Amino acid sequence: MEINQIVNHALETGYLTPTMEAEVGKLCETSSELSLEEYVALDKLMGALLTGEVLAMPRKQFINVMEELVVSEVISRVAEIETSSSRLLDVGDISAYALNRLPPLYATTEEGANFQREKAKEELKNLIVEQVEQSISLYLDRPEFYPERHAINKSKPSDSVFTQVTQLLQSQASNYETH
């Protein structure tokens, strides 16, 4: 997509999405010289952003509370299994399988997240536990095809559940700092 197209789309919809913003940035960085039309379009966009005619959407304005509930349940179950056996389990794989079988619980504020969390603990706790148990069972029963192959960005198989959780949190947390 070209700068003019992105700007026109933003003016039509009234929103500049993070994807559109990134695309404009990429086009500006990779272009050796912008045309007069592109400068005019960018000037229109800047004016529309300043007047509020176009709103810049934040990168992430909502959270899925179900993710934290499922990952928490998976971590506790995987830790139990790993301490009593030599099997190593992938927290991300197990969590994704369970999450694909559970309803999302989105919230846009901390109050909303707290409400969703309490609702899930009251109404969905058994379903969450059931799906996590099923996910773990399927994970443990799966045949190991091509054991020498590893998923992209997958750590060595000797990593513990705590290393996996740290990596999962690092990939999900913005502004994550290591100490």
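This dialogue discusses salt bridges and burial in a predicted model.

User: On what basis are the features of this model reported?

Analyst: The model is predicted; local features need pLDDT of at least 70, side-chain atom pairs count only at pLDDT 80 or more, and totals for chains, interfaces and linings use all residues. Residues are numbered from 1 along each chain as its sequence is written, and side-chain values use heavy atoms, with hydrogens and water left out.

User: How many salt bridges does a search of the whole structure find?

Analyst: Side chains of opposite charge can pair when their charged atoms come close. A salt bridge here is a side-chain nitrogen of Lys or Arg within 4 Å of a carboxyl oxygen of Asp or Glu. The search finds six. In one of them, Arg117 pairs with Glu68, with the closest N and O atoms 2.4 Å apart. Arg117 belongs to helix 6 (residues 110–123) and Glu68 to helix 4, so the pair ties together parts 49 residues apart in sequence. Helices are DSSP runs (H or I, at least four residues), numbered from the N terminus.

User: Which residues are linked with Arg117 in a network of salt bridges?

Analyst: The network links Arg117 with Glu68 and Glu110.

User: Is Arg117 buried or exposed?

Analyst: Buried means under 20% relative accessible area, exposed over 50%, and partly exposed in between (1.4 Å probe, protein chains only). Arg117 is buried, at 13% relative accessibility, whereas Glu68 is partly exposed at 35%.

User: Where does the salt bridge between Glu133 and Arg77 lie?

Analyst: The side chains of Glu133 and Arg77 meet at 2.4 Å, N to O. Glu133 lies in helix 7 and Arg77 in helix 4, so this salt bridge ties together parts 56 residues apart in sequence. Arg77 is buried at 18% relative accessibility, while Glu133 is partly exposed at 30%.

Key:
Helix = DSSP H or I, 4+ residues; strand = E, 2+ residues; numbered from the N terminus.
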